[in-house]
Amino acid sequence: MSTHSKGAKPRVLLTSVFGPYARDDEFGSRAINPMELYHNQVTRMQGAFSPRIFHRSWGIILIQENISAPSTVLDFPTRQDFEHELTRHQYDVVGISSIVVNLGKVREMCNMVRRLSRGSVIVVGGHVAAIPDIEQMVDADHIVRGDGVSWMRRYLGDDESAPIRHPRIAAGFGHRVLGVRLPRCLGSTAATVIPSVGCPVGCSFCTTSAFFGGKGRFKNFYETGDELFQVMAEIESDMRLHSFFIMDENFLLQRNRAMALLERMKEQGKSWDLYVFASANAVRKYQIEELIQLGICWIWMGLESPHSGYAKLQGCDTLQLTRELRQNGIRVLGSTIVGMEHHNPENMRDEIEYAISHDTDFHQFMLYTPVPGTPLYAQMAKDCLLIDVDLADIHGQYKFNWRHPAISRDDSKKYLDWAFQRDYERNGPSLYRVCRTTLEGWKRYRDHPDARVRKRFEREARALKMAYSGLLWAMERRLRRTRAGTSDQIRALRDEIHHECGALSSFTSAFLGPLLLYATHREERRLSRGKKYEPRTFVERKNWAGF
């Protein structure tokens, strides 16, 4: 690959695809597939109790931070925003990042660049680049697979081997709880940190693992615990945050790095909260005390069927593991695949019930989905099992895109919807479960000998005394007529919080609870009328002086 003719001087536009996103339109947006992690694939059946959160397009932000050229990040633009940016500034390079389902929008954006900014070189990256023969589907000059930072540095003539500079990114934005928009000071309480890309476990269905090299392959941006600590300390200082969303497919698998990070945290007295992704076998590499000392407060963990044969589950009692984590105040987001090859109408409901019996704080359900670029997709293509469906519908939240030996395409959606609904019926709202786990941690660790640990759980106790108490009051009242058993459980938890946390939690319940109950009713009316939430647009320029 040759470098751009202007070297490091060209102006670069890095953009995500245009909105709106939660609509059925001619470009491939789908109402069933909103741009919200939780409401899309975790709490989608929980109505007004579903937390509403958006997350930034971290890849293009990371690229911008690591190139010397004058650049703009345009995140979640409207079509008009994108057109305006192209005509207002003369860009030499336009980079478009997308996932597979938004191929139609990528195609349209490439056409817009050709029409409105004819001198621009078009670069397409992100998971959409994994689609076979995408070069014939979109009018782009370059298709980038894998690490976009290295590719863009090479193309612009920057030093590809230079250390990765980590951008300052809030983990989420636009937070709403029970329909109430949280102030930014409450809604952005964690920073995103990206230590690595790829996953060495390499499950056959995993798009991220496949995109960054497949099974056994990954790339560390920060090899050591010392390097990672330095990045996190700088982010803490700049953003004044002590919580970190660690965007690493299997963070705990690299034990040496994690334990070196812990040593530095102890040396410097850092009381940090870490939200991580980890497989069950990786979690089992640690004693529970090590996880607590490290600040692990939330784990996203695959809980596929024990009959699936995945190595990450071998030799691990996931029921016992998730119970132990929650008893120690560590929230768990379990992830279960519906419609695997061994599933059939006789065992499907039992498999879902088993997953739900983990009683995790959150539970994601996804259809077994061969996505372009994965080993699973290649194998099913070879076996002639793929169904010719629109790429916009290959996201695991609608229907099968392959011929299952025992479950029809229409029934796949019924089972998926039932899994979400059953989890909600059996275990209650996820926000209630989070409060329950948080209280368990406070009771167990409020007198811990390590001041760092005590400080972390004291922060969580403040949330129980304040917002959580009012939230539980509203939930209890709202569910009293329709789900009396769940309402009683919430009342019992609220009483225990009052006992453990004192009079302030009682006052907050009485003051904030009725307001949140009103907000819940209002949100339910909005949702019944088809209310959709969309992320706001971000425009961020770097090295722009003189332009």
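A disulfide is a pair of cysteine sulfur atoms within 2.5 Å. By that yardstick, this structure holds zero of them. Keep in mind that you're looking at a predicted model. Here's a quick tour of its cysteines, one of its helices and its nonpolar cores.

**Cysteines**
- C203 has no disulfide partner: the nearest cysteine sulfur belongs to C206 and sits 6.5 Å away.
- C203 is also buried, with a relative accessible area of 11%.
- C501 is in a similar spot for bonding, because its sulfur is 11 Å from the closest cysteine sulfur, that of C435, which is too far for a bond.
- With 10% relative accessibility, C501 counts as buried.

**Helix α4**
- Helix α4 runs over residues 103-116, so you can follow 14 residues along it.
- From first C-alpha to last, α4 reaches 20 Å, close to the 20 Å expected at 1.5 Å a residue.
- Its buried residues include L103, V106, M109, C110 and V113.
- Among the elements covering the buried residues of α4 are strands β1 (12-16), β4 (93-97) and β5 (121-125), along with helix α3 (79-88).

**Nonpolar cores**
- In soluble globular proteins, nonpolar side chains tend to be buried together.
- Here, the largest nonpolar core has 103 residues, and L252, L261 and L274 have the most contacts inside it.
- Helix α17 (residues 451-479) gives the most to this core, with 10 residues.
- Leaving out residues up to four places away in sequence, L261 touches G225, L228, F229, M232, F251, W272, L274 and L294.
- Apart from the largest core lies another one of 37 residues, with F27, M109, A129 and I134 among them.

Methods
Residues numbered from 1 in each chain as written. Predicted model: local features only at pLDDT ≥ 70, side-chain atom pairs only at ≥ 80, totals over all residues. Heavy atoms only, no water. Buried < 20%, exposed > 50% of the residue type's maximum accessible area, 1.4 Å probe, protein only. Helix = DSSP H or I, 4+ residues; strand = E, 2+ residues; numbered from the N terminus. Expected span 1.5 Å × (residues − 1). Contact = heavy atoms within 4.5 Å. Core = buried A, V, L, I, M, F, W, Y, C linked by side-chain atoms within 4.5 Å.
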